[in-house]
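Reader: Hey, I'm new to this one and could use a walk through it. Can we look at it together?

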Amino acid sequence: MKFNDIQSFIDYTTNRMNKGRFSLDHFKALLESLGNPQHQLKTVHIAGTNGKGSTTNYLRAILQASGLRVGTFTSPHLEVHNDRIRINDVYISDEQLLYYGNRFAELIEENNLSMFEIDTLIAIQYFLDQDVDIALFEVGLGGRLDATNVIMPLVSLITTIGFDHMDILGNTLALISMEKAGIVKEGVPLYTSEDKPECLDVFKQICIERNAKFNTIKEAQNIELKHGITFSYDQLLIHLNTSALYQVKNASLAIEGARYLSNYFEINDDNIINGLKDTQWKGRFELVSTNPHIIIDGAHNTHGVSALVESARYLPKPLVIVFSALRDKETDAMLDDLLSIADEVIVTEFEFYRAASLEMLRHGNVLAIQDNHEAIRKGIALSLNGTCLITGSLYFISQVRQTILPEILGVKR
């Protein structure tokens with residue numbers, strides 16, 4: 001099997017999105033047959049319900065400011081498939097992605113790899129071939145059985161825990177925490193931004209079992225919302241280029257990760273401050289237009305929406321929210337939170353095999369508009385002199401950012 005162009009490979013791998021199994025044995029066996037290339041990389045592993053991508057990006061920025069060559073593997077993609085695999089925040093090129101697609105084509109078929117396993121395999125080999133100093137791997141789903149859980153990291157990070165993917169991970173915070181903490185390795189320290197006792201109890205127990213040092217972040221002080229966010233963290237004055245208050249915890253976790261990594265690399269306080277000050281993760285409380293005032297945010301579960309609401313209440317009024325989600329999410333609870341702060345909530349649909357139908361999103365006093373272009377146009381019109389906030393599934397946000405908004409606003413992204 002050979003792919004002649006990048007689109008044929010991306011179409012092929014996308015069609016394998018829900019193939020494979022939620023297990024790790026077959027993927028571990030494949031990597032073992034290749035000589036375990038992942039063990040030749042210095043890595044960091046990042047798990048959690050929300051904030052994994054942002055934490056990865058903040059840590060990447062700090063390490064890059066320290067002069068390191070940093071690989072990052074994140075998902076899902078927001079702009080193009082290539083953005084899952086980056087070095088120093090530059091996407092893997094079409095040519096390189098196609099090269100690895102063809103290099104591993106037979107292995108992919110023989111082992112019935114899923115899209116995520118394909119991406120993980122390519123990321124490992126690409127980072128190795130490109131001689132990165134360190135690679136940051138964001139967990140795709142859960143942790144214990146995730147394809148990324150083949151690495152042996154220098155340090156493990158777990159962001160906050162909430163209810164998501166309960167059909168796979170369990171329906172209690174303790175069970176979900178157990179799956180997330182599956183990334184903890186023997187003797188490898190864990191840092192977490194979580195503070196709920198039922199989650200921390202699980203993390204502590206697993207760390208004891210695996211002889212891994214358990215650490216929590218410190219509490220940020222003097223948080224101010226003014227031209228972004230300013231806060232004090234362990235004698236550092238930090239500025240973030242965002243108005244999303246939930247990013248304080250993510251940045252704090254990245255700081256702790258960076259400070260631990262200073263045992264292996266030259267990383268100082270100035271690197272931390274400078275790395276964080278201009279960094280923003282696309283699709284997270286991202287201001288994409290000032291006239292009209294439009295913000296997009298991938299709050300794709302109840303935990304994410306609750307965190308979003310905390311910051312969204314400070315946005316200019318009227319606040320009109322356009323929302324769409326996946327059908328396996330607790331959309332009623334998410335909409336209740338959004339309705340509590342919005343002047344109007346508009347629900348809509350988008351094209352994706354797991355997307356919720358309009359009927360599933362009819363809840364409370366929402367305005368239901370099937371066509372997402374029409375829904376966003378209505379949101380912009382109703383939010384005149386205020387804010388149109390577009391949120392929900394990251395797959396929806398990706399489409400909004402890449403195609404829907406550029407068509408509506410008449411601009412190229």
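Author: What follows is a short chat about the sheet, the helices, some loops and the aromatic rings.

Reader: Before we start, what kind of model is this?

Author: This is a predicted model, where local features need pLDDT of at least 70 and side-chain atom pairs count only at pLDDT 80 or more, while totals for chains, interfaces and linings use all residues. Residues are numbered from 1 along each chain as its sequence is written, and side-chain values use heavy atoms, with hydrogens and water left out.

Reader: Okay, the sheet. In what order do the eight strands come?

Author: The order is β4-β3-β2-β5-β1-β6-β7-β8, in an open sheet with mixed pairing. Strands here are DSSP runs of E with at least two residues, helices are runs of H or I with at least four, and both are numbered from the N terminus. Two strands pair if DSSP finds at least two bridges between them.

Reader: Which ones are the edge strands?

Author: β4 (90-91) and β8, since each of them pairs on one side only.

Reader: And how many bridges join β1 to β6?

Author: Four, between β1 (residues 43-47) and β6 (residues 155-158), and the two strands run parallel. A47 has I158 as its bridge partner in β6.

Reader: What does β1 lead into? Where is T49, for instance?

Author: T49 sits in the loop between β1 and α3 (52-65). T49 counts as buried because its relative accessibility is 4%; buried means under 20% relative accessible area, exposed over 50% and partly exposed in between, with a 1.4 Å probe and protein chains only. T49 is 113 residues from G162 in sequence, but their C-alpha atoms are 5.7 Å apart in space.

Reader: Back to the sheet. Which strands does α10 lie across?

Author: Helix α10 (residues 247-261) lies across β1, β5, β6 and β7 (190-192), and runs at about 175 degrees to β6. Then there's α6, which lies across β2, β3 and β5 (134-138) at about 20 degrees to β3. Axes are lines fitted to C-alpha atoms, for helices over the stretch in contact, and angles run from 0 to 180 degrees between N-to-C directions. Contact means heavy atoms within 4.5 Å.

Reader: How do α4 and α6 cross?

Author: The axes of α4 (residues 94-103) and α6 (residues 115-129) come within 11 Å and cross at roughly 115 degrees. On the α4 side the contact is made by Q96, L97, Y100, G101 and R103, and on the α6 side by I122, Q125, Y126 and D129. Those residues divide into four nonpolar, three polar and two charged. Ala, Val, Leu, Ile, Met, Phe, Trp, Tyr, Cys and Pro count as nonpolar, Asp, Glu, Lys and Arg as charged, and the others, Gly among them, as polar.

Reader: What about α8 and α9, at what angle do they pack?

Author: About 35 degrees, with the axes of α8 (residues 173-180) and α9 8 Å apart. L173, A174, S177 and M178 of α8 meet E198, C199, V202, F203 and I206 of α9. By class, that contact has seven nonpolar, one polar and one charged residues.

Reader: Switching topic: which residues form the aromatic cluster?

Author: F73, Y99, Y100, F104, F116, Y126, F127 and F137 form one cluster. The structure holds 15 aromatic pairs, where rings of Phe, Tyr and Trp (its six-membered ring) pair if their centres lie within 6.5 Å, and planes under 30 degrees apart count as stacked, over 60 as edge-to-face and the rest as tilted. One of the pairs is Y260 with Y264, tilted, at 6.0 Å centre to centre and 55 degrees between the planes.

Reader: Is Y260 buried or exposed?

Author: Y260 counts as buried, at 18% relative accessibility, and Y264 counts as partly exposed, at 40%.

Reader: Last thing, the loops. Where is the cis bond to P76?

Author: The cis peptide bond runs from S75 to P76, with omega near -10 degrees, and P76 is in the loop between β2 (70-73) and β3 (85-87). Another cis bond joins K317 and P318, with omega about 0 degrees.

Reader: And what's up with the phi of N211?

Author: N211 is not a glycine, yet has a positive phi of about 55 degrees. N211 lies in the loop between α9 (197-209) and β8 (214-216), and counts as exposed at 57% relative accessibility.
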